[in-house]
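Let's take a friendly walk through one model, from its sheet to its helix packing and then to a single side chain. Please have the viewer open.

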Amino acid sequence: MCDRHGCMHLPNLHAMNFSRRGFLRAGAAAAAITMAVGPDVVLAQGRPIKSTHGTGFCNLNIFLAHAMQFSRAEGTDLQFVNTPTFAEQVTFLGMGQVDVGLMPYTSFMALFDAGAPVKVVAGGGVEGCVIVSRPGLDTPQKLKGKTLGTFQLDTLEVMPYDYLKKNGISFRDVTVRYMGSTPEAVEAFKAGAIDWICTIEPYGTALLRDVPGSHKLSDGTDIYGKGYTDCVLAARSSLIAENPKGLKAIIKAMMQAQAMAESQQQETLTKLVGTYYKTSMENAVLAMGKQPAVVDARSQTQFILERTDSLVEMGYIKKKPTRDAIDWTLLEQVIAENADLYAKLKYKSA
C-alpha cells in the first residue's frame, strides 16, 4: 500500500470558500507573510501585482522579469510573495492573497476543479522534469517498496505516477514522502533519506553530478514527448477583468526575459544564480537548455487538458476541466502588440 507521509499535504481545496467573504475570513492565516487584501483592493490602490513562484528553470522568465523589473516600463511592478511551503504557493492564488502564480499545471487544475476563480494565461517552462534514483536502482521494477520524494499535486508527483504506470507498476507499490521545498528534497536525496526523486532543473543535473552512481530514469520525453509543458502562469479572474493592462505588462516582461535568456545566457544566469537558484554556475549552465522557459504555450493547450486524466485517477480532481480553464486572450494581444519582440524568440507556439 502506498504510504503517504509528511506534513506538507495540501488542504482540502473543495472545502475552501473562494468567495470574497470567505477570503476575508481566511486572510489572517498569511498575515505574517503578506497583507491579506482582496484583488479588487489591490487594483484600486494601484499596488504591485503580487505573485508566487516555484524553484525550477520553468520559473526563469518570471524570475528574470522580477530581477530586471521589465514591467515598470508599462507602469506595473512585479512583487514576489514568498511562501513557507509548496502548499501555500497553490492556496495563496486560490484564496486571492496573490494575483498571479507560476505553478505546475496540475496544481492549477486542482484549484480550478475546486471552484477557484483562476485561469491559465501564459506558459512557464517546458520539459526539465527528471526522475533520479540512487545507485543500484536502475530499473523501474527496483523502485517497488522504495521511497519517492515529491510534492503533492505537482507535475513532479504526476510524472512518477505516469512513469510507473507505463512500466506496469502501481503507485501503491512505492512509499511517497511529500517534501516541503525543492532544497529539502534535494538534501534528503543526497543524504539517502529518499531512494528516488522527481525534480526539476537545475537540480536534476546537480544531483546526477553530485551523487556518484545515481541514475536518470526519465526526463519526461519518453512519457510525454518533446516539448511537454511543466508549469503555467495562472491569474485570478478578477485581475484579468479589472487590470488587463497590468497583467499584459507581466506577460510582456516574461517575453522580454525569454528573449534575454535565449540571447544572453551568461548575463541571465549571473542575475539569477545565487539569488533565485541555489546551485553552482556550472550546473546552471548545463541545466539551462534542458528546461527552456516558454511564454507562448498555446500549442500545449490539448496536452494540458489531457494530462488531467492522471489527476482524476489519483483522486485529486472530480472531473476533467473544460477549455474555459485556459484563456490565451491577453497573451495573444501581447504577441500582436510586440511583433518585433516575439519574432526574436527561439521557442514559440507551433
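Which strands does helix α5 lie across? Helix α5 (residues 105-113) lies across β4, β5 and β11 (231-236), and runs at about 115° to β4. Before we go on, note that this is a predicted model, where local features need pLDDT of at least 70, side-chain atom pairs count only at pLDDT 80 or more, and totals for chains, interfaces and linings use all residues. Residues are numbered from 1 along each chain as its sequence is written, and side-chain values use heavy atoms, with hydrogens and water left out. Helices (H or I, at least four residues) and strands (E, at least two) are DSSP runs, numbered from the N terminus. Axes are lines fitted to C-alpha atoms, for helices over the stretch in contact, and angles run from 0 to 180 degrees between N-to-C directions.

The strands under α5 belong to an open sheet of five, in the order β3-β2-β4-β11-β5, with mixed pairing; two strands pair if DSSP finds at least two bridges between them. β3 (78-80) and β5 (118-123) are at the edges with a single partner strand each, so one side of each has no neighbour in the sheet. From one strand to the next, the twist averages 35°. Inside the sheet, β2 (residues 49-52) and β4 (residues 100-104) run parallel and are joined by two bridges. Thr-52 has Gly-101 in β4 as its bridge partner.

Helix α11 takes part in two packings, set out here.

| Helix pair | Angle | Axis distance |
|---|---|---|
| α3 (residues 60-68) and α11 (residues 244-263) | about 100° | 8 Å |
| α11 and α12 (residues 265-272) | roughly 115° | within 5 Å |

α3 and α11 are therefore roughly perpendicular (65 to 115 degrees). Residues in contact (heavy atoms within 4.5 Å) include Leu-60 and Ile-62 of α3, along with Met-254 and Ala-257 of α11. By class, this contact has 10 nonpolar, two polar and no charged residues. Here Ala, Val, Leu, Ile, Met, Phe, Trp, Tyr, Cys and Pro count as nonpolar, Asp, Glu, Lys and Arg as charged, and the others, Gly among them, as polar.

Finally, look at Asp-162 in helix α6 (residues 155-166). Asp-162 is buried, at 6% relative accessible area (buried means under 20%, with a 1.4 Å probe and protein chains only). Beyond its neighbours within four places in sequence, Asp-162 is in contact with Ile-223, Tyr-224, Arg-307 and Ser-310.

Key. Buried < 20%, exposed > 50% of the residue type's maximum accessible area, 1.4 Å probe, protein only. Parallel < 35°, antiparallel > 145°, perpendicular 65-115°, else oblique.
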